[in-house]
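This report describes a protein chain for a reader who is beginning to study structures. The sequence and the model are shown first, and the description follows.

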Amino acid sequence: MKKPFLTSLALILGFAAVAGQETKTIKADIRHITVYPDRAQVNQETDVSIQPGKTILRLTSLSPYIDMQSIQVKGTGDFTILSVNQENNYLKNLEEAPEIREIKKQIGDLQTRIEDEKTAIGILAEKETFLTNNRQILEKQTTFNLEQFKNVLDLYMKNIEQVRVTSVMKQRLIKDYEKQISALQKQLAEKVGRMQLPSGEIAIAVTAGRQVQGKLYFSYVVSNAGWYPSYDIRVDDIKNPVSIIYKANVFQSTGTDWKDVMISFSNATPWVAGDLPVLDTWFIDYYFQTPQPAFKVRGARSVEAEMVNDAVALKSADTSAAPPPVEKRTGETTITYDVNIPCTIPSDGKQQSIEIQRLSAPAEYRYIATPKLSALAFLTANISDWARLSLQSGEAMLYFENSFVGKSNINTQQVTDTLALSLGTDNGIIVKRDKRIDFTNKRSIGSNKTETYSYLISVRNNKTVPVRISVKDQIPVSSNSGISVEALELSGGKLNQITGEVRWDMEISRQETKQIILTYSVKYPKDKTVILE
């Protein structure tokens, strides 16, 4: 995680200039957060009461990762804002994280249990002392006969055994509790070391001619936050459209929790300069090689924000549940999704998935089989005019007939009009490729040798609906003028002369089997060797 940057000399001088003024600490509620791919804009507001004269209003308990250049403060009321400054207070740490409070609570509970067990052991020790003392008294008495003495001794032995066994068990419990406390204290030390962040502060100098009530609005950008898209793509049946569930995976480790706030997700990059690039003059000259030094200079490494992912991964939301209400706003170059229910995102760097859109898109379903390499048929969904869906590049979880079939990636940087998605294999389509022995042979004529190969490809549709399938195979391509390849039978397949790929596009009715034949020959000098199998 990037260490908080020190405030500039200008800010320090700014605070020194307003020193001695009346200072008032204020807090502002977070009203809205817009999350960008690698940062977030925070909007806060608060009511203020301002005394006559100059006052310094200090907004505290903020993130230490505020971009100073992004701070905007607006006020409503009969007062004037004189200056705005930002700094990090290293003498005041941010509010303790919930996970730290939970660990401390667990340690406290275990310590209470240890105290209880030690108290119980003390009581057992008193009971053991009582039993021992009474046994000694009984042993000195002569009025007891042998039978009575035996009964008293049995009673003593049973009680003393119970006392000592219970005491040993409680001592073992105490050791176990102490081990748990030790492990929790180590975990606490690691987390506290990471969470000991300074408190970000914004100081606003204001002046008023009389006591007034007003309102302050704050807006600033923080780093160590962002989001990225992912998708659940579901196909229940190849007769129905594709269902696309669009999710925003948000994370933040800004040092402050976002509790019950309204959140928007934007794909904008407002920090990227909007100036048109300018081509400078390209000067060229003769090249003179510069002698290289005998040592290597190691380049400086840029420090990137750390995102903690080693904890338990968050489960995806149940896709059968109703999605949260989300409003989509489309601009000239950006898209923003406004989630219309409050969300809580803790400052722990963990990913949290929020569904932002559900889409349904018509698709052309087609199976693709390459029997030379695999006996399985792969289902693909081809979505035309996909740009209108406003998708972004991201990982997709694929589901077919309510079963998880794998992962894929949506690449929206492609220039084609059709978005192709692979939905995995379908056992309802059976593909076989068998060599036709009677039509496969080798023969020599003159100085040349000719090898002929023939294959029977069978495709069976065991599904209850017709399917479209593309079957791919190949014939070899010669890279030597002494070797010639001839396609003898392709059963209507389309041959790519450059790559040698043969493709058959067909539609197969339900419970139907279709067969195609691939036959080719290769002629080459018989004193040479060509590996064809």
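Strand 10 (residues 242–252) and strand 14 run antiparallel and are joined by nine bridges. Within this pairing, V242 has A361 in strand 14 as its bridge partner. The model is a predicted one, and the positions described here should be read in that light.

**Strands and sheets**

Strands 10 and 14 belong to an open sheet of five strands, whose order is 14-10-9-17-18 and whose pairing is mixed. Strand 14 (352–361) and strand 18 form the edges of this sheet, since each pairs on one side only. On average, neighbouring strands of the sheet are turned by 25° against each other, with direction ignored.

Strand 3 takes part in two antiparallel pairings. It is joined to strand 2 by seven bridges, and T34 stands opposite Q41 of strand 3. Strands 2 and 3 form a hairpin, with two residues between them. Strand 3 also pairs with strand 8 (residues 212–222) over 11 bridges, and there the bridge partner of S49 is Q213 in strand 8. In a regular strand, side chains alternate between the two faces of the sheet.

**Nonpolar cores**

Nonpolar side chains tend to be buried together in soluble globular proteins. In this model the largest nonpolar core has 85 residues, and those with the most contacts inside it are I233, I244, W258, F265, Y367 and I469. Apart from this core lies another of 11 residues, which include I107, I174, Y177 and L188.

What does W258 touch, leaving aside residues up to four places away in sequence? Its contacts are I30, I33, V35, A40, A225, Q252, I263, C343, T344 and I345.

**Salt bridges**

The count of salt bridges comes to 20. Three of them are listed below.

| Salt bridge | N to O distance |
|---|---|
| D29 and R31 | 3.8 Å |
| E45 and R31 | 3.6 Å |
| E401 and K463 | 3.5 Å |

The bridge between E45 and R31 links distant parts of the chain: E45 is in strand 3 (residues 39–50) and R31 in strand 2 (residues 29–36), 14 residues apart. In the bridge between E401 and K463, E401 lies in the loop between strand 17 (394–400) and strand 18 (403–410), while K463 lies in the loop between strand 22 (448–461) and strand 23 (467–474); the pair therefore ties together parts that are 62 residues apart in sequence.

Are the partners in these bridges buried or exposed? K463 counts as buried because its relative accessibility is 11%. E401 is partly exposed, having a relative accessible area of 40%. D29 counts as partly exposed at 48% relative accessibility, and R31 counts as partly exposed at 44%. Salt bridges that share partners join D29, R31, E45, D47 and K215 into one network.

**Confidence of the prediction**

The protein chain averages a pLDDT of 79, and 78% of the residues score at least 70. Two stretches have low values. Over residues 1–20 the pLDDT stays under 50, and the model has 33 contacts beyond four places in sequence for them. Over residues 292–320 the pLDDT is below 50, and this stretch has 20 contacts beyond near neighbours in sequence. Where pLDDT is low, the predicted coordinates should not be read in detail.

Technical notes:
Residues are numbered from 1 along each chain as its sequence is written. This is a predicted model: local features need pLDDT of at least 70, side-chain atom pairs count only at pLDDT 80 or more; totals for chains, interfaces and linings use all residues. Side-chain values use heavy atoms; hydrogens and water are left out. A nonpolar core is a set of buried Ala, Val, Leu, Ile, Met, Phe, Trp, Tyr and Cys residues joined through side-chain atoms within 4.5 Å. Buried means under 20% relative accessible area, exposed over 50%, partly exposed in between (1.4 Å probe, protein chains only). Contact means heavy atoms within 4.5 Å. A salt bridge is a side-chain nitrogen of Lys or Arg within 4 Å of a carboxyl oxygen of Asp or Glu. Helices (H or I, at least four residues) and strands (E, at least two) are DSSP runs, numbered from the N terminus. Two strands pair if DSSP finds at least two bridges between them. Axes are lines fitted to C-alpha atoms, for helices over the stretch in contact, and angles run from 0 to 180 degrees between N-to-C directions. pLDDT is the predictor's confidence in each residue, from 0 to 100.
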